Amino acid sequence: MRILVTGGAGFLGSHLCERLLNDGNEVICIDNLFTGQKANVAHLRENPNFEFVRHDIIDPFKYEVDQIYNLACPASPPHYQYNPIKTIKTSVQGAINCLGLAKRVKARVFQASTSEVYGDPIVHPQPESYWGNVNPIGRRSCYDEGKRCAETLFFDYHREHNLDIRVIRIFNTYGPRMHPNDGRVVSNFIVQALKGEDLTIYGDGTQTRSFCYVDDLIEGFVRFMAQTEIVGPMNLGNPGEFTMLQLAELTLKLVGGKSQIVHRPLPADDPRQRRPDITLAKRVLNWEPQVPLEEGLKRAITYFRTKV
Ligand SMILES: NC(=O)c1ccc[n+]([C@@H]2O[C@H](COP(=O)([O-])OP(=O)(O)OC[C@H]3O[C@@H](n4cnc5c(N)ncnc54)[C@H](O)[C@@H]3O)[C@@H](O)[C@H]2O)c1
């Protein structure tokens, strides 16, 4: 197949491009390189089935493709809050452009949505049927509400134009090629530990998150795109739940060194807990994460050692 990946030079996008090429597809990767880097796909550029296009998905694009994966959007709070209006435009106008193209060329189209659509959840763990608890006017809203609106657009195109959509809600994912300065907790802790700096925990460190290793997530993407039973939304993530203190301690154990743990005030709208209910993915995709946190962290640390 010929497959378009938006945001293909980012963390998840670059792993997805690699996987799709390995499966024998042609891949067109479009990216404006806001948070992505050419280096993430440098190893793919010799492959005749790979094409990189520098383009902003806010502006229309046309390619004859069989499938579209829409991943373009800054994903970490400092990046998506840097220009919040642009973030909403990327989510909303970018989704409209992907959907318009999918309609025109009759492609199956995938949306990388997020657990952030659940906001600060009152239901725990979060099943897909939960509508969420999102602040519409806060600092995180440009991302959360943009992604919610993109989901609405996907389902309206599905209902109105019978478009073949797939919507995945991704929970925290980590691994090699994460941006070292993107402020996400796994990369933050690893980079701080490798530099011998203190590890910063926001709040008392009892808030929990779940962490999925990138290879597990990409396997879920591909299985979800291949099946025809449901269009989503479907949660993908690792249901193992860890406190920030546990993550910091494990990172320190694996990296070694003399870093200490220090506490800083909790940012606004920081969710207390987040854990996917993956019952649906288990049933439909026969999928569940395979890489334990300690193993995944070791692989990520190996990557970051070459960068820091
Ligand atoms: N990594 C996670 O834990 C996670 C969790 C939930 C959802 N997601 C979603 O998955 C997708 C990929 O996330 P990631 O972690 O790889 O982040 P990332 O920042 O590494 O990748 C996003 C990519 O999109 C590109 N991009 C941003 N705006 C663009 C625009 N207007 N036009 C073209 N390209 C643009 C960036 O340059 C970057 O390469 C995002 O949509 C994100 O919201 C990721």
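Biologist: Let's start with helix 4: which of its residues are buried, and what makes a residue count as buried?

Modeller: In helix 4, the buried ones are Ser141, Cys142, Tyr143, Asp144, Gly146, Lys147, Ala150, Glu151, Leu153, Phe154, Phe155 and Tyr157. Buried means a relative accessible area under 20%, exposed means over 50%, and partly exposed is in between, using a 1.4 Å probe and protein chains only. Bear in mind that this is a predicted model, where local features need pLDDT of at least 70 and side-chain atom pairs count only at pLDDT 80 or more, while totals for chains, interfaces and linings use all residues. Residues are numbered from 1 along each chain as its sequence is written, and side-chain values use heavy atoms, with hydrogens and water left out.

Biologist: What makes a stretch a helix or a strand here, and what do the buried residues of helix 4 pack against?

Modeller: Helices are DSSP runs of H or I with at least four residues, strands are runs of E with at least two, and both are numbered from the N terminus. The buried residues of helix 4 pack against helix 2 (77-82), helix 3, strand 5 and strand 6 (165-170).

Biologist: How do you know what span to expect for helix 4, and what does helix 4 reach?

Modeller: The expected span is 1.5 Å times one less than the number of residues. Helix 4 has 21 residues, for which 30 Å is expected, and its end-to-end C-alpha distance is 29 Å, close to that value. Helix 6 (residues 214-226) can be put through this check too: with 13 residues it reaches 19 Å, close to the expected 18 Å. Its buried residues include Leu217, Ile218, Phe221, Val222 and Phe224.

Biologist: Now the packing: are helix 3 and helix 4 roughly parallel or roughly antiparallel, and how do you know?

Modeller: Helix 3 (residues 84-105) and helix 4 (residues 141-161) have axes 8 Å apart and an angle of about 15°. Axes are lines fitted to C-alpha atoms, for helices over the stretch in contact, with angles from 0 to 180 degrees between N-to-C directions. Under 35 degrees counts as roughly parallel, over 145 as roughly antiparallel, 65 to 115 as roughly perpendicular, and the rest as oblique. Helix 3 and helix 4 are therefore roughly parallel. Among the residues making the contact are Ile88, Val92, Ile96 and Leu99 of helix 3 and Tyr143, Ala150, Leu153 and Phe154 of helix 4; contact means heavy atoms within 4.5 Å.

Biologist: How many nonpolar residues are there in that contact of helix 3 with helix 4?

Modeller: There are 13 nonpolar ones, along with five polar and two charged. Nonpolar covers Ala, Val, Leu, Ile, Met, Phe, Trp, Tyr, Cys and Pro; charged covers Asp, Glu, Lys and Arg; the others, Gly among them, are polar.

Biologist: And what is the relation between helix 5 and helix 7 called?

Modeller: Their axes come within 10 Å and cross at roughly 40°. That value falls outside the named ranges, therefore helix 5 and helix 7 are oblique to each other. Helix 5 contributes Val185, Val186, Phe189, Ile190, Ala193 and Leu194, which meet Met244, Leu247, Ala248, Thr251, Leu252 and Val255 of helix 7. By class, that contact has 11 nonpolar residues, one polar and no charged.

Biologist: What makes a phi or a peptide bond stand out?

Modeller: Most residues other than glycine have a negative phi, and most peptide bonds are trans. Arg177 has a positive phi of about 80°, and Asn286 has one near 55°. The bond joining His124 and Pro125 is cis, with omega about -10°, and the one from Gly232 to Pro233 is cis with omega near 0°.

Biologist: Are Arg177 and Asn286 buried or exposed?

Modeller: Arg177, in the loop between strand 7 (173-174) and helix 5 (185-194), has 14% relative accessible area and is buried. Asn286, in the loop between helix 8 (279-285) and helix 9 (293-305), is exposed at 64%.

Biologist: How do you classify Thr6 and Gly100?

Modeller: Thr6, in strand 1 (residues 2-6), is at 0% and counts as buried. Gly100, in helix 3, is at 30%, which makes it partly exposed.
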